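Here are a few exercises to work through with the structure open in your viewer. Try each task before you read its solution.

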Amino acid sequence: MLLHLFFLIFVGWQVFEYNGSTIVGMVGKNCFAIASDRRLGVNLQTVATDFQRIYKFHDKLLVGLSGLGTDAQTLYQRLVFRHKLYQLREERDMKPETFANLVSAVLYEKRFGPYFCQPVIAGLGDDDKPFICTMDSTWSSYFMYIGQNLELAKDCVVAGSASESLYGACEAFFKPDMEPDELFEVVSQALLASVDRDCLSGRGGHIYIVTPDDTKEKILKGRMD
Amino acid sequence: MESHKDCEINAPHSMGTTIIGVTYNGGVVLGADSRTSTGVYVANRASDKITQLTDNVYLCRSGSAADSQTVSDYVRYFLHQHTIQLGQPATVKVAANLVRLLSYSNKNMLQTGMIIGGWDKYEGGKIFGVPLGGTLLELPFTIGVANSISSLVPTFFASLCGSVTCNEKLVNSLQVHLLAVIICSGSTYLYGFFDQAWKEGMTQEEAEQLVVKAVSLAIARDGASGGVVRTVTINSEGVTRKYYPEDKLPRWHEELEPQNSLLDMLSSSSPEPMVS
């Protein structure tokens, strides 16, 4: 009886931490990296260690969806649907900035019954300028970091249960204008360091490094605890 | 989304944990993981949950870190006095009873479960459990009882203790007079394993391997257990502490190579709503 009460509470209060997830996006020189952990859990129990959270919409647009696993998958299906319709109508791929607006519109439609999902959108925009952004699940606060134009001090976005650790790790490791290889190192180290301090994320990492010419996908082996 | 996380960082440190005590022919082996969590944040990833009470009796702690540390400090103090008065090393049963007395008398305030293990010259290796509430449990696996060291019948006890977190914000908002909400963590994954893997009359090597394998299985599945595996072996010769970092632990499920896996015939795992 007590146990049932507990699990009910867990979903109500900590719905973003029910499955556990972590996503980080980082900008480099004409490239970007987006990385996620691989664990899918039900509260503390680990159910899968190969769960995919980052989805590719086209060669220059990747989206990571953290938060509740079921909402991440459903949201992905809805976004793919909208994007494919756009491709049919416009006969071209969607720009990342446009896509970010689409995601926020789709999320806001459910303002009073939201998808419990925090997306991280990363892409190469016009002239292959890297673009990353994240937003909360009802778009009530919209954080956008454009790689080259605004020259902000922070060029990383984080989401998920280890996001607070990730803020610290990214701040420490990030340098502007990193080449793809160095960017890969930095993102991997920041991700692994942060998920090691989180009970609900981890079991390795899934990293995509995207340059104008190709996309590299790498799987990291991390602590399996 | 951020606001509900605040109460977690200030949550009491708890050890969602896996602790094990196993006796073998000649002594006991205590094992534990090393993760201490505050909510879902890992406050200490290399903590030592096996603390010494006397030269021959050790204690595995789980639940609230503060409560278990305080109880173990008190019991160590009482046992020290007891040893001086008695003139010889304290028995495991006395240590377990002291833990039980403290746990039971303060059951409204304490949230900790413990395993006491040790070796004494009267009963040999013994394991006692004191879960939440202050029960004293000595679970023999067989019915035979040993009167001397030479005819020791090994007994078996696996921890029933898990992590206990006290979420005050939760309690206030729901107006429920719950002092604690219990998460049965690492140990739940081990009942079936022990049913299958435990046997009587193990040697020290076998018992240690069993404990390490069990804790690593729980670490693989339980989010609240992790870090390294520590074991303490207590027998008539003394006490040995061992430490198993991640690379020395056996590997499970996701890290094993698939053999004749049915998944090979499935295509990619990501859901594609429209097939082009």
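**Exercise 1: contacts and burial in chain A**

Among contacts in chain A between residues at least 6 apart in sequence, what percentage join residues at least 24 apart?

Solution. Keep in mind that this is a predicted model. Start with the inventory: chain A has five helices and 12 strands. Next, take the contacts between residues at least 6 apart in sequence; 60% of them join residues at least 24 apart. For burial, chain A has 225 residues, and buried ones make up 57% of them.

**Exercise 2: lay out the sheet**

Work out the strand order of the five-stranded open sheet in chain A, and say which strands stand at its edges.

Solution. Step one is the order: going across the sheet in chain A, you get 10-1-2-11-12, with antiparallel pairing. Step two is the edges. Strand 10 (156-160) and strand 12 (215-220) of chain A each have a single partner strand, so one side of each is left without a neighbour in the sheet. Step three is the twist, which averages 10° from one strand to the next.

**Exercise 3: check the register**

Take the neighbours one pair at a time and find bridge partners for A:Val24 in strand 10 and strand 2 of chain A.

Solution. A quick reminder: strands of a sheet pair through backbone hydrogen bonds, either parallel or antiparallel.

- Strand 1 (residues 22-27) and strand 10 of chain A run antiparallel and are joined by five bridges. Here A:Val24 has A:Val158 as its bridge partner, while A:Gly25 is matched with A:Val157.
- Strand 1 also pairs with strand 2 of chain A, again in the antiparallel sense and over five bridges. On this side, A:Val24 is partnered by A:Ala35, and A:Ile23 by A:Ser36.
- Strand 2 and strand 11 of chain A pair over six bridges, in the antiparallel sense. One of the matches to look up is A:Phe32 with A:Val210.

**Exercise 4: two strands, two faces**

Are the residues of strand 1 and strand 2 of chain A buried or exposed?

Solution. In a regular strand the side chains alternate between the two faces of the sheet. Now split strand 1 of chain A by face: A:Thr22, A:Val24 and A:Met26 sit on one side, A:Ile23, A:Gly25 and A:Val27 on the other, and all are buried. That's six of six, so strand 1 of chain A is largely enclosed by the rest of the structure.

Do the same for strand 2 of chain A. A:Phe32, A:Ile34 and A:Ser36 point one way, A:Ala33, A:Ala35 and A:Asp37 the other, and again all are buried. With six of its six residues buried, strand 2 of chain A is likewise largely enclosed.

What covers these strands? Helix 4 (residues 163-173) of chain A lies across strand 1 and strand 10, at about 160° to strand 10. Helix 5 (residues 180-195) of chain A lies across strand 1, strand 2, strand 11 and strand 12, running at about 155° to strand 1.

**Exercise 5: positive phi**

Track down three residues of chain A with positive phi, and place each one.

Solution. Begin at the hairpin of strand 1 and strand 2 of chain A: there are four residues between the strands, and A:Asn30 takes a positive phi near 55°. Then try A:Asp128, which isn't a glycine but has a positive phi of about 55°; this residue lies in the loop between strand 7 and strand 8 of chain A. Finally, A:Asp177 also has a positive phi of about 55° without being a glycine. Look for A:Asp177 in the loop between helix 4 and helix 5 of chain A, where this residue is partly exposed at a relative accessible area of 46%.

**Exercise 6: a helix pair in chain B**

How do helix 2 and helix 3 of chain B cross, and which residues meet?

Solution. Two packed helices are described by the angle between their axes and the distance between the axes. The axes of helix 2 (residues 65-86) and helix 3 (residues 92-105) of chain B come within 10 Å and cross at roughly 135°. The two helices of chain B are therefore oblique to each other, and the crossing is right-handed.

For the contact, helix 2 of chain B supplies residues including B:Val71, B:Tyr74 and B:Phe78, and helix 3 of chain B supplies others, among them B:Val94, B:Leu98 and B:Leu102. Sort the contact residues of these helices by type and you get 10 nonpolar, one polar and no charged.

Definitions and conventions
Residues numbered from 1 in each chain as written. Chains lettered and ligands numbered in written order. Predicted model: local features only at pLDDT ≥ 70, side-chain atom pairs only at ≥ 80, totals over all residues. Heavy atoms only, no water. Pairing = 2+ DSSP bridges. Axes fitted to C-alpha atoms, helices over the stretch in contact; angles between N-to-C directions. Contact = heavy atoms within 4.5 Å. Parallel < 35°, antiparallel > 145°, perpendicular 65-115°, else oblique. Left-handed = near helix turned anticlockwise from the far one by under 90°. Nonpolar A, V, L, I, M, F, W, Y, C, P; charged D, E, K, R; others polar. Buried < 20%, exposed > 50% of the residue type's maximum accessible area, 1.4 Å probe, protein only.
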